[in-house]
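Welcome, and thanks for taking a look at this protein with us. Please open the sequence and the structure side by side, and then follow the notes below.

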Amino acid sequence: MRRTTRGMRTAAGAVTAGVFLLLGGTVSPAVADSSPSASPSDGGSDGGDAPTEAGTSFRTATEIEQGQKATASASTGDYLYWSFPADAGGRPTVKATVKLPDSARSSATWQIDVYDGLRRRQACQYGAQTRSTGADAGSVDLSCTLRTVRAWSEQWANDPLPGTYYVRLTATDLGTADLGVPVNAEIQVDSKHIGGSAAVDGSLAEPLVPGIAMTTEESDEAEGSDDSPTAVLSSLEPDDGWASGWWSDRWVWTAVGGMLAALAGVGGYALTRGSGRPSQVPPGA
């Protein structure tokens with residue numbers, strides 16, 4: 001019986017040490033993934049290289065990086081467009097602030113809409129997407145947190161997919177007298193990496209970035225041609241490149257589950273095999 005107990009202790013110690021080594025070597029990236037995947041750029045809060053204007057349509061949307069605060073001067077009634085990249089496993093949050101001058105404040109309803117690379121409007125998981133302001137309001141804050149971006153989805157689904165996302169900011173329900181009021185807008189996009197809980201089997205061949213399909217086709221058809229045009233309509237991508245979220249904490253918990261299963265097997269065998277043949281019983285009896 002002492003041998004059985006000693007064997008169980010040895011097996012348990014070895015498996016426990018393996019689990020701790022595995023967690024110590026692999027949990028750190030998972031913990032890092034749980035933090036926001038984008039950090040403010042050099043011109044984020046200070047306005048150094050941050051964009052100071054907005055586009056007026058999807059095709060002219062101003063590109064911004066995640067973590068970068070962009071500004072724009074416009075008038076009520078204008079449609080302001082920005083675009084940003086979002087990769088699989090991230091949950092983007094769009095925040096916008098509209099500031100009205102003291103001399104020209106008016107009542108208005110402000111709204112932000114977010115569209116994916118297929119220009120499908122994406123629903124906000126939570127956040128104040130629409131807000132109304134009174135004539136005495138100096139500013140209005142809007143926010144929209146999207147669902148987690150999936151690496152792959154069914155064709156009929158409306159799930160967020162990796163690629164370029166568009167933000168549209170505008171005022172609605174305006175009267176004629178309220179049109180043309182000068183405003184200043186600020187917008188910033190941050191993303192939180194969710195981890196293995198959002199991982200799916202499968203991935204897109206290419207991210208939903210404007211011009212990616214045309215670029216691929218032209219490069220395949222004119223490999224030896226030097227004067228073939230190339231359509232590149234979006235120059236931004238995640239810091240680590242597209243589909244950078246190959247790592248997830250599923251790797252950790254799968255390995256831990258395997259180690260625990262091995263421990264359970266060794267313990268069950270040690271408990272059920274008994275203490276062996278009694279010393280007084282001769283072999284072959």
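## Salt bridges, fold and surface

Asp159 counts as buried, because its relative accessibility of 17% falls under the 20% cut-off. This value, like the others here, is computed from a predicted model. Asp159 has a salt-bridge partner in Arg150, with 3.4 Å between the closest N and O atoms. Arg150 itself is partly exposed, at a relative accessible area of 29%.

How many salt bridges does the count come to? The count comes to six. Three of the pairs are set out here.

| Acidic residue | Basic residue | Closest N to O distance |
|---|---|---|
| Asp159 | Arg150 | 3.4 Å |
| Asp113 | Arg121 | 3.0 Å |
| Glu186 | Lys99 | 3.4 Å |

The pair of Glu186 and Lys99 joins two strands: their side chains meet in a salt bridge, and since Glu186 belongs to β10 (residues 182-193) and Lys99 to β4 (residues 90-99), the contact ties together parts that are 87 residues apart in sequence. Both partners are partly exposed, Glu186 at 24% relative accessibility and Lys99 at 39%.

Is Asp113 buried or exposed? Asp113 is buried, with a relative accessible area of 1%, while its partner Arg121 is partly exposed at 40%. These two residues also belong to a network of salt bridges that includes Arg168.

Now for the overall fold. The secondary structure consists of three helices and ten strands, and along the sequence the order is α-β-β-β-β-β-β-β-β-β-β-α-α. Of the 285 residues in the protein, 36% are buried.

Helix α3 offers a neat check on geometry. Its 23 residues (250-272) should span 33 Å at 1.5 Å a residue, and the C-alpha atoms at its ends are 33 Å apart, so expectation and model agree. Buried residues in α3 are Val252, Val256, Gly267 and Ala270. After the helix comes Gly274, which has a positive phi, near 80°.

Finally, the surface. Which residues form a negative surface patch? Glu65, Glu237, Asp239 and Asp240 do. Of these, Asp239 sits in the loop between α2 (212-221) and α3. Asp239 counts as exposed because its relative accessible area of 68% is over the 50% cut-off.

Conventions:
Residues are numbered from 1 along each chain as its sequence is written. This is a predicted model: local features need pLDDT of at least 70, side-chain atom pairs count only at pLDDT 80 or more; totals for chains, interfaces and linings use all residues. Side-chain values use heavy atoms; hydrogens and water are left out. Helices (H or I, at least four residues) and strands (E, at least two) are DSSP runs, numbered from the N terminus. The expected span of a helix is 1.5 Å times one less than its number of residues. Buried means under 20% relative accessible area, exposed over 50%, partly exposed in between (1.4 Å probe, protein chains only). Patches are made of residues with over 30% relative accessible area and no salt bridge: like charges are joined within 9 Å, nonpolar side chains (Val, Leu, Ile, Met, Phe, Trp, Tyr) within 5 Å. Accessible areas come from the Shrake-Rupley method with a 1.4 Å probe; for residues, only the protein chains shown count as cover. A salt bridge is a side-chain nitrogen of Lys or Arg within 4 Å of a carboxyl oxygen of Asp or Glu. Lys and Arg count as positive and Asp and Glu as negative; His and the chain ends are not counted. The place of a charge is taken as NZ of Lys, CZ of Arg, CG of Asp or CD of Glu.
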